[in-house]
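I opened a fresh page for this one. The plan is to go from the overall layout to single residues and write down what I look up.

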Amino acid sequence: DPEIKGILIILNTVGGDVEAGLAMAELINSISKKVVTLVLGGSHSIGVPLATAGDYSFIAPSATMIVHPIRTNVIGVNETFEYFKKMQERINEFITRTSNISEEELTRLMHAKDELVSDVGSVLIGKEAVDCGLINEVGGLKESLTKLKE
């Protein structure tokens, strides 16, 4: 629709299905209109690629992102392990392609053991997501709409 000049995507998600989330992120990333994303509340797990999928991204000062590797209990099935390894590579490639974070920093954040009590990964709050290169800027609805109107 030529009347639509841009799209604002507001995220507040704990994550979910990896295949569906990555497919939605690729769809957002391929939209021909300008796309701004805004993380309010949280954009955890597969929500990370959704947050980086637009042309420019914001995160509210109190919003969180949880970066972690794909995980599941795999008992003795090498093929399943290899599938999850390839899936993780797809997610990492998308995030590094659509943000300013390096592969090394993303991997470090995913495997940090001091952030979550009984898990691996990192919790990033507001500016921390900007500082590591995942998100472009701290801001809210006003800043997101201003950027979209540019």
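**Layout**

I read off the order of elements from the N terminus as β-α-β-α-β-β-α-α-β-α-β-α. That gives six helices and six strands in the protein. I note here that the model is a predicted one. I looked up burial for the whole protein: of its 150 residues, 43% are buried. I also looked up contacts with a separation of 6 or more, and 66% of them are between residues 24 or more positions apart.

**Nonpolar cores**

I then turned to the nonpolar side chains. In soluble globular proteins, such side chains tend to be buried together. Here the largest nonpolar core holds 31 residues, and M65, V67, L124 and L134 have the most contacts inside it. I listed the elements that each supply at least two residues of this core: β1 (6-13), α1 (18-29), β2, α2, β4 (64-67), α3 (78-98) and α4 (103-110). The largest share is that of α3, with four residues. A second core, separate from this one, has five residues, among them V36, L38, Y56 and F58.

I took L124 as one entry point to the larger core. Leaving out residues up to four places away in sequence, L124 touches A63, T64, M65, V67, L109, A129, C132 and L134.

**Strand β4**

Which way do the residues of β4 point? T64 and I66 point one way, M65 and V67 point the other way, and all of them are buried. The alternation is as expected, because side chains in a regular strand alternate between the two faces of the sheet. I checked the pairing next: β4 and β5 (residues 122-125) run antiparallel and are joined by four bridges. For I66, the bridge partner in β5 is V123.

**H44 and S45**

I found H44 in the loop between β2 (34-43) and α2 (47-52). Is H44 buried or exposed? Its relative accessibility is 15%, so H44 counts as buried, the cut-off being under 20%. Its side chain makes a polar contact of 2.7 Å with the side chain of T64. Beyond its neighbours within four places in sequence, H44 is in contact with T13, V14, G15, T64, M65 and I66. T64, M65 and I66 are residues I had already entered under β4.

S45 is in the loop between β2 and α2 as well. What is notable about the phi of S45? The value is positive, near 60 degrees, in a residue other than glycine. I wrote it down because most residues other than glycine have a negative phi. S45 has a relative accessible area of 25% and is therefore partly exposed.

**A25 and L50**

I looked at two residues from two helices. A25 lies in α1, and L50 is found in α2. A25 has 0% relative accessibility, so A25 counts as buried. L50 has a relative accessible area of 7% and is therefore buried.

What does A25 touch? Not counting residues up to four places away in sequence, A25 touches P49, L50, A53 and F94. On the same basis, L50 touches L11, G21, M24, A25, I28 and T37. The pair A25 and L50 is thus in contact, because their heavy atoms come within 4.5 Å.

I also took two C-alpha distances. A25 and G54 are 29 residues apart along the chain, with 8.4 Å between their C-alpha atoms. L50 and I10 are 40 residues apart in sequence and 9.9 Å apart, C-alpha to C-alpha.

**Rings**

I counted two aromatic pairs. One of them is Y83 with F84: the ring centres are 5.7 Å apart and the planes are at 65 degrees, so the pair is edge-to-face. Y83 counts as partly exposed because its relative accessibility is 42%. F84 has a relative accessible area of 25%, so F84 is partly exposed too.

The last entry concerns Y56, which I had met in the second core. The charged end of K147 sits over the ring of Y56, at 4.1 Å from the ring centre.

Technical notes
Residues are numbered from 1 along each chain as its sequence is written. This is a predicted model: local features need pLDDT of at least 70, side-chain atom pairs count only at pLDDT 80 or more; totals for chains, interfaces and linings use all residues. Side-chain values use heavy atoms; hydrogens and water are left out. Buried means under 20% relative accessible area, exposed over 50%, partly exposed in between (1.4 Å probe, protein chains only). A polar contact is a pair of N or O atoms within 3.5 Å; within protein, one must be able to donate a hydrogen and the other to accept it, and residues adjacent in sequence count only if both atoms are side-chain atoms. A nonpolar core is a set of buried Ala, Val, Leu, Ile, Met, Phe, Trp, Tyr and Cys residues joined through side-chain atoms within 4.5 Å. Rings of Phe, Tyr and Trp (its six-membered ring) pair if their centres lie within 6.5 Å; planes under 30 degrees apart count as stacked, over 60 as edge-to-face and the rest as tilted. A charge sits over a ring if NZ of Lys or CZ of Arg is within 6 Å of the ring centre and within 35 degrees of the ring normal. Two strands pair if DSSP finds at least two bridges between them.
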